[in-house]
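Reader: I should like to learn how individual features of a structural model are read. Please take them in turn, with the general idea before the case.

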Amino acid sequence: MTPPPLTTGLQPLLAAAQGPAAVVAAVRGAERAVLCRGPAGEGSRFETGSLTKTFTALLLAELAARGEVRYGDRADRYLPFRIPGPPLTLLHLATHTSGLPRLPPGLLGRAVRSGWLSNPYAGFSEDDLLASLRRTRPRHRPGSRVLYSNFGGGLLGHVLARAAGGTGSDYPALLAERVTGPLGLTDTDCDPDRPQITGHWHGRPRPALLMPGLTAAGAVRSSARDLLSVLAALLDPDTAPDPVLRTALAEVQRPRLSIPRTGSRLCLIWNLRPRPSGALLHHSGGTRGFTAFAGFLPGSATGLVALTNTAPTPLAPFVQSAYGALRGLDAAPSGTVWTARV
């Protein structure tokens, strides 16, 4: 049976976006569609929040493919001090099994002083990240259970930058050199000063997000155009420009552990849910002004991106709608290209 055009599955998703601007886009084989609303186009930059961690995972896999790091390396191998207790590895950080809390100790206090209602992460620096790590004890033994951690995601990027011979603040430059540059992602970086769509929280405009201490956990900005390019590369790693990146694109999709009682699995940051037609990999992100989703189905060469410029609301209905839309697109490719504005 011939599947409906991608636009049919994307139109309800666009309608579900609550922000004044939204872009939803999909690829399925040779078919591609982008729908835009408000002051946004396929090249408009949105804050992606925790989708940043998928880029950090790809950077980890790239360094591992080069032999510069190993997944089983202790994180403190690349830090100026030893982390007490059982070994905390790069793989633990990339699978949310580090035992570190969701946010670093001390961040909330600084956020209240520096602007909890405007830019809560702005006052938390790289030095603060390391100071928090020094006084943090894992909530559980690393590797023993899953506990989602922005702290761990930010630390992973910091460690990778050091492992590559720089400092923790070199994460944006390293990401550009190893990932976004080779993939041709011209809209994607961590720069808050480049033009981007204005975010909204409870209907009010928000300033651009600043995350100096947790850059690798949530500071990437990107566009639907670039994120579709990333999904296309994940769906067909052989299209990547060099063998190292091809290996990395495949490695981030490899399941690393199973989530008890759910049937779901964790890859490198990406969540994996099995379906009759094959795996569905997905991740979402949110900031004080934006909501983002990306997911893909390797079995049917299908991927979907959803971006809107308003903060996530309770139960994340836009993210849930995006996940449902992706499931609905899981069909054979039909080979058409669409771009439209609503």
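**Reading the model**

Author: Let us begin with one residue: Ala161 is located in helix α6, helices being DSSP runs of H or I of at least four residues and strands runs of E of at least two, numbered from the N terminus. The model is predicted, so that local features need pLDDT of at least 70 and side-chain atom pairs count only at pLDDT 80 or more, whereas totals for chains, interfaces and linings use all residues. Residues are numbered from 1 along each chain as its sequence is written, and side-chain values use heavy atoms, with hydrogens and water left out.

Reader: Is Ala161 buried or exposed?

Author: Buried means under 20% relative accessible area, exposed over 50%, and partly exposed in between (1.4 Å probe, protein chains only). Ala161 has a relative accessible area of 2% and is therefore buried.

Reader: Which residues does Ala161 touch, not counting residues up to four places away in sequence?

Author: Contact means heavy atoms within 4.5 Å. By that criterion Ala161 touches Gly166, Thr167, Gly168, Asp170, Tyr171 and Leu174. Its C-alpha lies 5.1 Å from that of Tyr171, ten residues away in sequence.

Reader: How is the packing of two helices described?

Author: Two packed helices are described by the angle between their axes and the distance between the axes. Axes are lines fitted to C-alpha atoms, for helices over the stretch in contact, and angles run from 0 to 180 degrees between N-to-C directions. Here the axes of helix α5 (residues 126–134) and helix α6 (residues 150–163) cross at roughly 110 degrees and come within 11 Å. α5 is therefore roughly perpendicular to α6, given that angles under 35 degrees count as roughly parallel, over 145 as roughly antiparallel, 65 to 115 as roughly perpendicular and the rest as oblique. Among the residues making the contact are Leu129 and Leu133 of α5 and Phe151 and Leu155 of α6.

Reader: At what angle do helix α2 and helix α10 pack?

Author: Helix α2 (residues 52–66) packs on helix α10 (residues 243–251) at about 130 degrees, their axes being 8 Å apart. The two are therefore oblique to each other. Contributors to the contact include Leu58, Ala61 and Ala65 from α2, and Val244, Leu245 and Ala248 from α10.

Reader: Which residues of the largest nonpolar core touch the most other members?

Author: In soluble globular proteins, nonpolar side chains tend to be buried together. A nonpolar core is a set of buried Ala, Val, Leu, Ile, Met, Phe, Trp, Tyr and Cys residues joined through side-chain atoms within 4.5 Å. The largest such core has 83 residues, of which Phe55, Leu90 and Trp270 touch the most other members. Apart from that core lies another, of 22 residues, including Leu10 and Leu297.

Reader: How should the phi of His96 be read?

Author: Most residues other than glycine have a negative phi, and most peptide bonds are trans. His96 has a positive phi, near 55 degrees, and is found in the loop between α3 (90–94) and α4 (107–114). His96 is buried, at 4% relative accessible area. Arg261 also has a positive phi, of about 65 degrees, in the loop between β7 (257–258) and β8 (265–266). Arg261 counts as exposed, at 85% relative accessibility.

Reader: Which side chain does that of Asp189 join through a polar contact?

Author: A polar contact is a pair of N or O atoms within 3.5 Å; within protein, one must be able to donate a hydrogen and the other to accept it, and residues adjacent in sequence count only if both atoms are side-chain atoms. The side chain of Asp189 makes such a contact, of 3.0 Å, with that of Arg45. Asp189 lies in the loop between α7 (171–180) and β4 (199–201).
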